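I opened a fresh notebook page for this one. Come and look along with me as I jot down what I find.

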Amino acid sequence: MPLPVSILDLATVARDQTVAESLAGIVSLAQKAEETGYKRVWYAEHHNMASIASSATSVLIAHVAAHTNSIRLGSGGIMLPNHAPLTVAEQFGTLETLHSGRIDLGLGRAPGGDQNTMRALRRDAASAETFPQDVLELQGYLRGQSRIPGVNAYPGKGTDVPLYILGSSLFGAGLAAALGLPYAFASHFAPAALHDAIALYRREFKASEQLDEPYLIAAYNVFAADNQADAERQQQEIMRTRVALLLRPGTEYTDEQADELLDSPQAHHLHQMMTYSAVGTPDIVHKKVTDFAEQTGADELIIAHQGPGCRRGFGPPSFSPRPTSPERRDPSRVLLSGTLRMRQGFTDCWHLGMRWHTKPPVPLCNRETGGLVQQPCNVPTANGGGGGNRTRVRCRKTRTSPGAVRYGVSRPQGSRAHVP
């Protein structure tokens, strides 16, 4: 049985990009993820970060849901201590009412910003201490079993939006196990406790109304390209944006200054954050991701999409299934490719987790199919997030080949509990 593959879209805003352009790209990425078989797309709550466009997470989910049809969408996650549980229940209850069966609610307890941002959010430094109680209160609202007499979420009551606990430490693993909830580990930026957290979660898991068995989602970084140098360039661009974490908010810097900092001891933590990453050609990426799935025994992988590359063209990301060799085109073989990107004005993007099934080739420039490019062509796309002026994106000429309609990396062990 294929292992489900999902996307964590970090809603990156490049230094040469507007927020409107990024938001347009976020929608396009979700549309292509839906067309090509991903299980879900999640967005994370961050505040006071110029390079991230997902601060109003529930609003962003609503916008993306209105422009897609079937893919699951959710938070990865909502930082619950920033909010009253009732407010979150109302927001996600509304989302579930509008887009039934498509909404996930992942919950974390970090502030999603620095100390000054916490104060601006009116968040108390001790608010994270009540996270377990807040999760139960929120769950009660969504199940129609409020823990506060006479208080209910409208909309929200009885929607039973599925909850997920997000974490990067043993605390989250223990809480998810105690409450019988799925657990998503943030190994894409906080790798240190991954294996200890997995062991704790599985060892202490207690079945619940939502889940009979443990369900683990593990995050992983992927940077893929036709050649190793291109993949490394993608990773370097992301590392340069992360240099901002070492500087005072709003500080401007050049690529050369960023590279100097990245070569210094001060950047050790930034490099450590990327421990679980695949950087290279599709064959290299496939092997590394498969190894990661086997090492963790994850029930689902969520790939961190960190680059704004495809969004710079203001159009839909193009997904190019790339076969290995004819003798390896086997229905049981999986090719895992890399993150989405665009360079030099041409669509030149990859998608993840392709399982081969043959179908007639179709043009890549077709928005409806997302197929392969047969000849140079133009794609009309909306500039600035929909509406407004029109622009055109030139498509790269590529040889046709069989398409890919099923996705996932091979599950390393037997079937697990079902999770929406």
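**Entry 1: a helix and its neighbours.** Which elements do the buried residues of α6 pack against? I should say at once that I am working with a predicted model. I looked up the helix itself before anything else: α6 covers residues 170-179, and its buried residues are G172, A173, G174, L175, A176 and A177. Then I followed their packing and found two helices, α5 (131-143) and α7 (194-204), together with two strands, β6 (163-167) and β7 (183-185). Just past the end of α6 I noted G180, which has a positive phi of about 65°.

**Entry 2: the whole chain.** I stepped back for an overview. I have eleven helices and 18 strands in my list for the chain. The chain has 420 residues, and 55% of them count as buried. I also looked up how far apart in sequence the contacts reach: among contacts with a separation of 6 or more, 72% are between residues 24 or more positions apart. For the accessible surface I wrote down about 18200 Å², with 51% of that belonging to carbon and sulfur atoms.

**Entry 3: aromatic pairs.** How many aromatic pairs does a search of the whole structure find? I got six. One of my picks was W42 with Y164, an edge-to-face pair with 5.2 Å from centre to centre and 75° between the planes. W42 sits in strand β3 (residues 40-43) and Y164 in strand β6, so this pair links distant parts of the chain, 122 residues apart. I checked their surroundings too, and both W42 and Y164 are buried.My next pick was Y183 with Y201, a tilted pair, where I noted 5.5 Å centre to centre and 45° between the planes. Y183 lies in strand β7 and Y201 in helix α7, so the pair ties together parts that are 18 residues apart in sequence.

**Entry 4: following those tyrosines.** Are Y183 and Y201 buried or exposed? Y183 is buried, with a relative accessible area of 0%. Y201 also counts as buried, at 0% relative accessibility. I then traced the ring pairs onward and found that they link Y183, F185, Y201 and F205 into a cluster.

**Entry 5: a charge over a ring.** Where does R109 lie relative to F171? I found R109 over the face of F171, at 3.8 Å from the ring centre.

Note on methods:
Residues are numbered from 1 along each chain as its sequence is written. This is a predicted model: local features need pLDDT of at least 70, side-chain atom pairs count only at pLDDT 80 or more; totals for chains, interfaces and linings use all residues. Side-chain values use heavy atoms; hydrogens and water are left out. Helices (H or I, at least four residues) and strands (E, at least two) are DSSP runs, numbered from the N terminus. Buried means under 20% relative accessible area, exposed over 50%, partly exposed in between (1.4 Å probe, protein chains only). Contact means heavy atoms within 4.5 Å. Accessible areas come from the Shrake-Rupley method with a 1.4 Å probe; for residues, only the protein chains shown count as cover. Rings of Phe, Tyr and Trp (its six-membered ring) pair if their centres lie within 6.5 Å; planes under 30 degrees apart count as stacked, over 60 as edge-to-face and the rest as tilted. A charge sits over a ring if NZ of Lys or CZ of Arg is within 6 Å of the ring centre and within 35 degrees of the ring normal.
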